[in-house]
Amino acid sequence: MTYDTRDLLTVLKKELEFLEKGGYRNSARAPWRPQLVFQDSPACLNFDPTQQARPCSECILTQLVPGEMQRKKFPCRYIPLNERGETIDSFYRSGTQEELESELGRWIKATIESLEKQKAKSQVALEPIEIHVRATGRLAE
């Protein structure tokens with residue numbers, strides 16, 4: 001169950017900006033270790049160490065994780081990034097940082113585009129419908 005009140009589209013746009021600005025390559029937070037995708041970015045509920053830690057199950061990103069993987073310690077690592085089912089976790093195991101960032105960027109852009117299309121469709125559906133009735137000139141008695 002998600003208790004994260006942030007908007008998914010906003011979170012992903014900020015994540016894309018963070019990624020494109022080299023956020024995973026230039027970190028003052030923990031320069032002695034590789035930066036972890038999502039966990040070491042503002043997208044993470046627990047990014048601010050001055051705040052009380054929250055369980056990953058409350059994160060807005062959890063809705064993007066396949067059901068069986070939502071119980072993992074860090075579910076965001078199991079978001080499928082492409083049609084081959086590659087995840088952040090699979091790139092950690094058998095890919096390079098460059099490959100991961102490239103695939104992550106493509107996935108974020110595609111997901112943002114999809115969410116924006118969904119949002120546009122729902123806004124169109126909510127617009128009031130105007131009905132025009134032509135009067136015939138006769139009044140019912």
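How much space lies in the largest pocket? I looked this up at the outset and recorded about 170 Å³. The structure I am reading is a predicted model.

**Entry 1: the pocket**

I next listed the residues around this space. The lining of the largest pocket holds 14 residues, and those closest to the pocket centre are Cys44, Leu45, Cys56, Cys59 and Cys76. I then sorted the lining by residue class and obtained 10 nonpolar, 3 polar and 1 charged.

**Entry 2: the nonpolar core**

I turned to the largest nonpolar core, for which I noted 28 residues. The residues with the most contacts inside this core are Leu12, Phe38, Leu61, Leu104, Trp107 and Ile108. I asked which helices supply at least two residues each. They are helix H1 (8–20), helix H2 (88–94) and H3. H1 gives the most to this core, with 7 residues. As background, I noted that nonpolar side chains tend to be buried together in soluble globular proteins.

I followed one core residue, Trp107, in more detail. Setting aside residues up to four places away in sequence, I found that Trp107 touches Leu12, Phe38, Leu64, Ile79, Pro80 and Leu81. Of these partners, Leu12 and Phe38 are also listed with Trp107 among the residues with the most contacts inside the core.

**Entry 3: Gly105**

I located Gly105 in helix H3, which covers residues 97–126. Is Gly105 buried or exposed? I recorded a relative accessible area of 9% for Gly105, and this residue is therefore buried, as the value is under 20%. Beyond residues up to four places away in sequence, Gly105 touches Leu16 and Leu19. I also checked a pair that is distant in sequence: Gly105 and Glu20 are 85 residues apart along the chain, and their C-alpha atoms are 8.0 Å apart in space.

**Entry 4: Glu101**

I found Glu101 in helix H3 as well. Why does Glu101 count as buried? Glu101 counts as buried because its relative accessibility is 11%, which is under the 20% limit.

I then looked up the polar contacts of the Glu101 side chain. One joins the side chain of Glu101 to that of Arg25 at 3.1 Å. Another joins the side chains of Glu101 and Gln97 at 2.7 Å. With neighbours within four places in sequence left aside, I listed Leu19, Tyr24 and Arg25 as residues in contact with Glu101. Arg25 thus appears in my notes both as a contact of Glu101 and as a polar partner of its side chain. Leu19 is in contact with Glu101 and is also touched by Gly105.

Conventions: Residues numbered from 1 in each chain as written. Predicted model: local features only at pLDDT ≥ 70, side-chain atom pairs only at ≥ 80, totals over all residues. Heavy atoms only, no water. Helix = DSSP H or I, 4+ residues; strand = E, 2+ residues; numbered from the N terminus. Buried < 20%, exposed > 50% of the residue type's maximum accessible area, 1.4 Å probe, protein only. Contact = heavy atoms within 4.5 Å. 1 Å grid on protein atoms, 1.4 Å probe; cavity = no way out; pocket = protein on both sides within 12 Å on 5 of 7 lines; lining within 4 Å. Points joined across faces, edges and corners; volume = space filled by probe spheres on them. Nonpolar A, V, L, I, M, F, W, Y, C, P; charged D, E, K, R; others polar. Polar contact = N/O pair within 3.5 Å; in protein donor to acceptor, adjacent residues only side chain to side chain. Core = buried A, V, L, I, M, F, W, Y, C linked by side-chain atoms within 4.5 Å.
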